[in-house]
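This report goes through one protein model. Please keep the sequence and the coordinates at hand while reading.

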Amino acid sequence: MDNFQTVLRFFMNQKATIGYSFMALLTIGGERVFSMVSFQCPCNHEQNFTYGLTFLLGPAAVLLVFGLFFNTRLWRLYTGCCLNPMKLCPRGNCFGCFRVLMSIITGACVAPIMWLSVALLNGTFYECAISGLDDNLVVDLFCKNKTLKCREELARVPCDRSKLSSDERMELLLMFRAQSQILGWSIVMVAAIVGLLGTCCKNCRSQVSYLQLLFWKRYIEKEKERFDAFTVDYATKLAERNLQSFFENKEPNPMPFPNHKAWEEISAYYSFSRSEQYYSTLQRYVERTDRDFTPEKRPVIDFEHGIAMT
């Protein structure tokens, strides 16, 4: 039993690493499926570049949008900012808001970078795209010291329809693949170096020690976990109360709720300050001496912000 708990604790502590590894496997699998099933290079000068670049950058753009869309921190920062722009910069801390936005964008870029790296290391999409460029520099690079036929048949090299000899075609394919893999490894190395430097800079500027920062992260994880469980339980009780009141035709039992101002305060972005050593906006709110305990007995949402039910 102790060994099982040790293993479980190890996996819980390595959630981020396991998640990124799983994402990498999905990216590799997705790239292979695209390459083998749906990708068919048209092999002509008019369409090769657009078609190859679409398969190379299209999925990366979609993954970036998904990464932003499913990031709860983005919506926590963005929700309501059109009506109250100060939500983006609470207490005038615009630098903190910019730092959070950069953190959100950086996190969302992980999956697209993985896709670009895997796709370029494989080389299929790049071969199609680069062979369709009519730019003289590109053509001269690949067809240097070769016949005019090479220029005419360059777009057909990724396919088996090229009229070049097998040796010439293989030489061009190897050049395409070498360039693609160089770009792929360059992206991997740049991403790794930028990630390392960013982490070093972030930790160097941290106002708390390493162990306190570790505790802070653990606390945020547990608070979110317990918040999700508590809201599910509380929402269930509210739904049961309302249904019971409706079907039994009686007044509902009192069930106090935090007021609107309290929800606004715990939803705001929080940055650590030595003058206020709290670990979240929730802790800062519940430990305030001037906290407003006035409950909202009948919580309602404006129609404009209501939730559509089907």
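The sections below cover the overall fold, the annotated segments, the nonpolar cores, a surface patch, the salt bridges and two backbone exceptions.

## Overall fold

The model is predicted. Its secondary structure consists of 13 helices and zero strands, so the order along the sequence is helix after helix, α-α-α-α-α-α-α-α-α-α-α-α-α. The protein has 310 residues, and 27% of them count as buried.

Among contacts with a separation of 6 or more, 63% are between residues 24 or more positions apart. The accessible surface amounts to about 21700 Å². Carbon and sulfur atoms contribute 65% of that surface.

## Annotated segments

An unreviewed UniProt entry carries the annotation "transmembrane region" for residues 18–37, 49–70, 96–116 and 182–201. Such annotations may be inferred rather than shown by experiment.

Two of these stretches can be set against the model. Residues 49–70 are 95% helix and 0% strand, and 32 Å separates the C-alpha atoms at the two ends. Residues 182–201 are 100% helix and 0% strand, with the end C-alpha atoms 28 Å apart.

## Nonpolar cores

The largest nonpolar core has 26 residues. Within this core, F125, F142, L154, L172 and F176 touch the most other members. Helices that each supply at least two of its residues are α3 (48–69), α6 (110–122), α7 (124–131), α8 (136–142) and α10 (166–204). A second core, separate from this one, has seven residues, among them L74, C89, V100 and I104.

What does F142 contact, apart from its neighbours within four places in sequence? The partners of F142 are I130, C150, L154, L172, M175, F176 and Q179. L154, L172 and F176 are also listed with F142 among the core residues that touch the most other members. Helix α7 is mostly covered, with seven of its eight residues buried. The buried residues of α7 are F125, Y126, E127, C128, A129, I130 and S131.

## A nonpolar patch on the surface

Nonpolar residues also occur on the outside of the model. V62, V65, F66, F69, F70, W75 and Y78 form a surface patch with about 750 Å² of accessible area together. Two elements, α3 and α4 (72–78), give two or more residues to the patch. The largest share, four residues, comes from α3.

V65 is one of the patch residues and is placed in helix α3. Is V65 buried or exposed? Its relative accessible area is 51%, and the limit for exposed is over 50%, so V65 is classed as exposed. Helix α3 thus appears in two settings: α3 supplies at least two residues to the largest core, and α3 also contributes four residues to the patch.

## Salt bridges

The structure holds seven salt bridges. Side chains of opposite charge can pair when their charged atoms come close. One of the bridges joins E225 and K222, at 3.8 Å from N to O. E225 and K222 are three residues apart in helix α11 (residues 210–248), so about one helical turn separates them. Both side chains belong to partly exposed residues, with relative accessibility of 46% for E225 and 48% for K222. Another bridge is formed by E248 and K250, whose closest N and O atoms are 3.0 Å apart. E248 is partly exposed at 44%, and K250 is partly exposed at 40%.

R288 and E265 form a salt bridge in which the closest N and O atoms are 2.3 Å apart. This pair links distant parts of the chain: R288 lies in the segment after α13 (281–286), E265 lies in helix α12 (residues 260–267), and 23 residues separate them. R288 has 24% relative accessibility and counts as partly exposed. Salt bridges with shared partners join E265, R288 and D290 into one network.

## Positive phi outside glycine

C43 is not a glycine, yet its phi is positive, at about 60°. C43 sits in the loop between α2 (15–38) and α3. Its relative accessibility is 3%, under the 20% limit, so C43 counts as buried.

N249 is another residue other than glycine with a positive phi, near 50°. N249 belongs to the loop between α11 and α12. With a relative accessible area of 71%, N249 is exposed, whereas C43 is buried.

How values were computed:
Residues are numbered from 1 along each chain as its sequence is written. This is a predicted model: local features need pLDDT of at least 70, side-chain atom pairs count only at pLDDT 80 or more; totals for chains, interfaces and linings use all residues. Side-chain values use heavy atoms; hydrogens and water are left out. A nonpolar core is a set of buried Ala, Val, Leu, Ile, Met, Phe, Trp, Tyr and Cys residues joined through side-chain atoms within 4.5 Å. Buried means under 20% relative accessible area, exposed over 50%, partly exposed in between (1.4 Å probe, protein chains only). Contact means heavy atoms within 4.5 Å. Patches are made of residues with over 30% relative accessible area and no salt bridge: like charges are joined within 9 Å, nonpolar side chains (Val, Leu, Ile, Met, Phe, Trp, Tyr) within 5 Å. Accessible areas come from the Shrake-Rupley method with a 1.4 Å probe; for residues, only the protein chains shown count as cover. A salt bridge is a side-chain nitrogen of Lys or Arg within 4 Å of a carboxyl oxygen of Asp or Glu.
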